Amino acid sequence: MSLLPSPTALLSQVAGSRVGARALGATRVMIACAAIAKAGLSVPYFLELEAQRLALPVLPLPEIPWVLVVLLWAAGGFLLLFGAAVPLSAGLVSLCAWYTLLLDERTYSNHLLLLALLALFLAASGGGSLRAGRGVRVPGAAAFLVMTQVSTMYAFAGIAKINPSFFAGDVFVRSVGTDAALISFAPERFPSLLLTAGAVGAVCLELFLAAGLWFRTTRRWAFLGGVLLHTTFLLTMSRPLPLLCFALLSWSAYPLFASWRPARARGPEGPEPEFSPGERRPEA
C-alpha cells in the first residue's frame, strides 16, 4: 500500500483546501502596496520607450497610451488595497503588468513577472479580509498557487546562484554596498573566504526557504530567514524601492503558509483529521 496519496487525491485536497480570511487579507494588502509602487516605477521605462522605440515586442500588442496603463494599474492597486472588487482590481493589476512585460524587451523584469502572477492568482481568491473573525476560513486553492509560486521562486533563485562566479563573490563586489545603497561599504576589501561563505550561505538560505516554508517544524525559522534575506537586500543593494516591492511580494505568501490547510482526506471510517504539511500525526 502506497504511503503517498495519488495525484487525484492531492488535487482534491488542494481544491478543497481552506485558508484564514485574515491571512489572505494580509496577502492582498502586501500585493496591492507592491502593485501601486510598481505602477509608479514603470513610468521611466515607458518614457524611455517613447523617446526611443525598440520594435522587439514579445507579442504584437495594441498601442495603448502609457499614461492610461499607469493610471489603470494604480487604480487597480488602490482598489485592491481596500478589498474592492478583488477579481476586477487584481485582474486589472495583473493585466497591466503583463502588458508592460510583453511590450518590449527593456520592460521585462523578474519582479514584475512575480507581480503579474501573484495578482492573477489573487483575482481568483476572493481577497480575504483583515476584519474577518479569527476563525473565519475561505477557499484556499488560489492561495496554494501563491504559496507555490513564491516557493518556486526561492528554489530557482538558489539554484541559479550555484555557479563559480557567484561563489567567488563577484556578485557581491558588483552589487552590494554601492554608493546608492542605504548601507555603503566595500565588499572587495573583505577576505575572499568570507565572500565565498556569504555566497554559500545565501544559496543555502534560499533553498531552505523553498522547502522550509511548507513544514510546521521549520516554518518559524524560514520566516526569520526570509525577513533577514530581504532586509539585507534592502539595506545593502542599490534601488531600495524596487527591492521593497520584491520583499512585499515575497512576504505576501508567508501568512498563507501559516494558515493554509488541505482538505480533509476521507478514509473508510470517515474523514481524517486535518493537518498542515510537515505536521506530525498522532500515533494510532
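## The nonpolar core

The largest nonpolar core (buried Ala, Val, Leu, Ile, Met, Phe, Trp, Tyr and Cys joined through side-chain atoms within 4.5 Å; buried is under 20% relative accessible area with a 1.4 Å probe, protein chains only) runs to 64 residues. W73, L115, L118, Y154 and L256 have the most contacts inside it. Helix α6 (residues 110-123) chips in the most, with 10 residues; helices here are DSSP runs of H or I, at least four residues, numbered from the N terminus.

Take L118: beyond its neighbours within four places in sequence, it has contacts (heavy atoms within 4.5 Å) with I31, V146, Q149, V150, L249 and S252. There's also a second, separate core of seven residues, among them F166, F172, V176 and V203.

## About the model

This is a predicted model, where local features need pLDDT of at least 70 and side-chain atom pairs pLDDT 80 or more, while totals for chains, interfaces and linings use all residues. Numbering starts from 1 along each chain as its sequence is written, and side-chain values use heavy atoms, leaving out hydrogens and water.

## The salt bridge

You'll find one salt bridge (Lys or Arg side-chain nitrogen within 4 Å of an Asp or Glu carboxyl oxygen) in the structure. E206 pairs with K161, with the closest N and O atoms 3.0 Å apart. The two sit 45 residues apart, E206 in α10 (192-212) and K161 in the loop between α7 (141-160) and α8 (164-167). E206 counts as buried because its relative accessibility is 4%.

## Helices α3 and α4

Helices α3 (43-51) and α4 (66-81) pack at about 165° with axes 10 Å apart; axes are lines fitted to C-alpha atoms over the stretch in contact, with angles from 0 to 180 degrees between N-to-C directions. So α3 is roughly antiparallel (over 145 degrees) to α4. V43, F46, L47 and E50 of α3 meet W66, V69 and V70 of α4.

Key:
Buried means under 20% relative accessible area, exposed over 50%, partly exposed in between (1.4 Å probe, protein chains only). Angles under 35 degrees count as roughly parallel, over 145 as roughly antiparallel, 65 to 115 as roughly perpendicular and the rest as oblique.
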